Structures are given as C-alpha cells and as structure tokens.
Amino acid sequence: MKYYIIAGEASGDLHGSNLMKELYKQDKKASIHFWGGDLMQAVGGTLVSHYKERAFMGFFEVIKNLFKILGFIKFCKKDILKFNPDVIIFIDNSGFNLRIAKWAKEEGFKTNYYISPQVWASRANRVTDIKRDIDQLFVILPFEKDFYKKYNYEVSFVGHPLIDAIADRKQILISDFRKEHNLSDKPIIALLPGSRKQEITKMLSVMVSLVDDFSDYQFVIAGAPSQDFSFYKNIIGSKEIAFINNKTYDLLSVSYAALVASGTATLETALFKVPQVVCYKGGYISYQIAKRIITLKFISLVNLIMDKEVVKELIQNDFNRKNLKIELSKILKTENREKLFLEYFELEQKLGGKGASKNAAVQIVNALK
C-alpha cells in the first residue's frame, strides 16, 4: 500500500519514525512519502519536506509567514495528487494538517490522524471538522477518548508513543556520558529551552542566569537539532555552561533536575523520572490571544494527565529569575523529590505500556485490507 505521512516539529518526526518502522513490519511492500525530519528519513521512504522549513511558533509568527504557509499547503495538495496514496496519515501539527485533511476528504482520500490535535485545550469546535474529515483518529492521552465521546465520536486510544521511544533507547553509563562530553562529577541540571528560536530566546537567558546561584551543580543545555550552537552562544555569553546537541534523552537519563519549556519535553522529563520546573514565555500578542482561548487549568502534559499540580508551572510574567530560583531550590530537596517520584510512577501507569506505534500501525494497515 501507499502511505502519505505529514508530521511537523521534532516530536512529530520522532513518533512518525516509530510509526513508519511498524508500518514496514505490517506491510512489507509499503511505499511511504512523508513530511517530517531526519529520524523519519533514516527509516526509509521519500522525504517531501523537512519540518525545519515550517517551524513557525505563535499566532503572530504564523500571520507574518502566512504566504509561505499557503505555499506549502498548495504544494502538499499537488504532491498528494501525484503520489495518489491509499491513506494519508496526519501526525499532530493541526494548523497545517486539518487544512489538508478537509481537502483530502473532499478528494476521496482515506484519512487517519495519529496523535490528536489538542482540541481539548482550545477551540473545541474543531471536533466537528475532525469528525467530518478524519476516518480514524488514534489518541495517545487517556482523557482524550472520554473527551471525544462527549461529541459522539469514537476514537482509538493506542497508548503514548513516548513510552516506546524511551524504552527502546540504548542505556548509557553516566561515567561514559560525562567523559564523552567533558562534564564534571557535579550533579547535572538539564536546560530544555525548546526547539524554536523564539522560545529559546525568551527562556534560555533566564535559565542560565541561575548558574552562579547553584555552584554545586553543573548546567547543561539540551540543544535542539534544528538550531546551531552559534545561536545558543549568543545567549549564553561567557557563562560556564555545557552544550550537548541532539542528545536530549541521554542527557535526561543522567540528570538530577531540569528546567523545561512547556511542551512534549515536560512529559519526556517526567518519564525519565527527573524533577522539573515547567517554563513558558511567549510573545506578548501571542500570549494575550492564547490566554483568551485556552481553557485548561494547566499547560504541562504532566499536570493535565494527572489533573492536578504535580510539577510547578511558571507562565509568562511568573517566569522570572526570582521565581525560577525558588522553584529549582525546591526540587533539589530530598523530601520534595521523593513525593515527585511517586507521582511520576502513577503518571506512567496512566499512560499504559509499550506498543502505541504498533497498535496504530496494525489498525491502519488492517483497515486497508
């Protein structure tokens, strides 16, 4: 069968690559064209467009690049018609994917969605469009199935693909990791400021300002594969901070604590059992718009899944040097860490075990037979 997969961002690339591996296992003669990244490209198939070309964050940034985005949409439709797939698989990235899905359904293509758009966070009216345009939706968060049931839309909960991604990674020795990256024996505080330039610029400067206050620890930046070190260097300045690019999982596996930009990384950090402070600071206009349409009590996946505050969230004006220092000090204390570890264990139980990618691939392939 012929599969056309559309993913955006680093997380979509990761989960798309694991889904592709399972599709190839289920369908030995699969032909796959995809929009994704390096991880998906390493699996095989034909890369149509890299997600780095479409990394726009926030409402204002999207508006500013509107003509470029419209060009991508036009090209995507043309490429789908040329390839003529048996099924189109959308992965997250709702702003782009839902537009393509509407057109694809009208053109008669079979449409599947892996990793639901976050309609439960804002603009729930999009459920109507999803019901109309998506033949099968595979969700990865336990509360999503009940959410869609309220709209009389049956979806499949397949488990969370991060469980697979983390379980399948190679184990490393902390001593080897320190030696490879010239790190000292001090406990590591990982800095995960996001993957886009806008969010890195706003958050990393505040994070690195704490270095001198925690001299018994070493701070290590998890560099995003989409950004060069020179970009980070302009923000770091003369601070003594290690930088490790594109090895976030290895870094988390040896870290004592972490400061993490809101997003998928908060859940990844929790699954590695690393105490964290969640950080978010957006552009003024983008934040003011988001504040008015997002109806959630929390912004981190950890707290959303647990439906309570497990990790501290510092949002917009609350994200400042003073507050960040206070909250980092808290998660370094033994009594707070022990409580957090128990909450993390419960979180993992809620997400289910391994097999999300396989569960989704089996259902996709079987529906085509």
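Which residue in S7 is the bridge partner of Val-139? In this predicted model, the partner is Phe-157. The pair belongs to a parallel match between S6 and strand S7, residues 156-157, which is made over two bridges. Strands of a sheet pair through backbone hydrogen bonds, either parallel or antiparallel.

S6 and S7 are part of a wider arrangement. An open sheet of seven strands runs in the order S3-S2-S1-S4-S5-S6-S7. The pairing in this sheet is parallel. S3 and S7 stand at its edges, and each has a single partner strand. One side of each is therefore left without a neighbour in the sheet.

Further in from S7, the contacts can be followed strand by strand. S4 and S5 run parallel and are joined by four bridges. Here Ile-91 stands opposite Tyr-114 of S5. Tyr-114 also stands opposite Phe-138 in S6. Strand S5, residues 111-114, pairs with S6 in the parallel sense, over three bridges.

Helices connect these strands. S5, H6 and S6 form a right-handed β-α-β unit. S6, H7 and S7 form a right-handed β-α-β unit as well. S6 thus has a place in both units.

Helix H7 spans residues 142-149. Its buried residues are Glu-144, Phe-147 and Tyr-148. Seen down the axis of H7, these residues fall within an arc of 90°, so they line one face of the helix. An α-helix has 3.6 residues a turn, so residues three or four places apart point the same way. What do the buried residues of H7 pack against? They pack against helix H6, residues 126-133, and strand S6, residues 136-139.

At the S3 edge of the sheet, one residue was examined more closely. His-50 lies in strand S3, which covers residues 46-50. Is His-50 buried or exposed? Its relative accessibility is 13%. The cut-off for a buried residue is under 20%, so His-50 counts as buried. His-50 and Gly-36 are 14 residues apart in sequence. In space, their C-alpha atoms are 5.2 Å apart. Neighbours within four places in sequence were left aside in the contact search for His-50. The contacts that remain are with Gly-36, Gly-37 and Asp-38.

Aromatic rings were examined next. How many aromatic pairs does a search of the whole structure find? The search finds 16. One pair is made by Phe-90 and Tyr-113, whose ring centres are 5.6 Å apart. The planes of Phe-90 and Tyr-113 meet at 35°, so the pair is tilted. This pair links distant parts of the chain, as Phe-90 and Tyr-113 are 23 residues apart. Phe-90 sits in strand S4, residues 87-91, and Tyr-113 sits in strand S5. Phe-90 is buried, at a relative accessible area of 0%. Tyr-113 is buried too, with a value of 0%. Elsewhere, Trp-35, Phe-72, Phe-75 and Phe-96 form one aromatic cluster.

Another group of strands is centred on S11. Strand S11 spans residues 257-261 and is mostly covered. Five of its five residues are buried. Which residues of S11 are buried on one side, and which on the other? Ala-257, Leu-259 and Ala-261 are buried on one side. Ala-258 and Val-260 are buried on the other, and both faces of S11 are covered.

S11 has partner strands in S8 and S12. Strand S8, residues 188-192, pairs with S11 in the parallel sense over four bridges. In this pairing, Ala-190 stands opposite Ala-258 of S11. S11 and strand S12, residues 276-280, run parallel and are joined by four bridges. There, Val-260 stands opposite Val-278 of S12. A helix also takes part: S11, helix H13 and S12 make a right-handed β-α-β unit. H13 covers residues 264-271.

Cysteines were considered last. A disulfide is a covalent bond between the sulfur atoms of two cysteines. How many disulfides does a search of the whole structure find? The search finds zero. Cys-76 is buried, and its relative accessible area is 0%. Cys-279 is buried as well, with a relative accessible area of 0%.

Note on methods. Residues numbered from 1 in each chain as written. Predicted model: local features only at pLDDT ≥ 70, side-chain atom pairs only at ≥ 80, totals over all residues. Heavy atoms only, no water. Buried < 20%, exposed > 50% of the residue type's maximum accessible area, 1.4 Å probe, protein only. Arc of directions from axis to C-beta. Contact = heavy atoms within 4.5 Å. Pairing = 2+ DSSP bridges. Right-handed = clockwise from strand over helix to strand, strands pointing away. Disulfide = S-S within 2.5 Å. Phe/Tyr/Trp six-rings, centres within 6.5 Å; stacked < 30°, edge-to-face > 60°.
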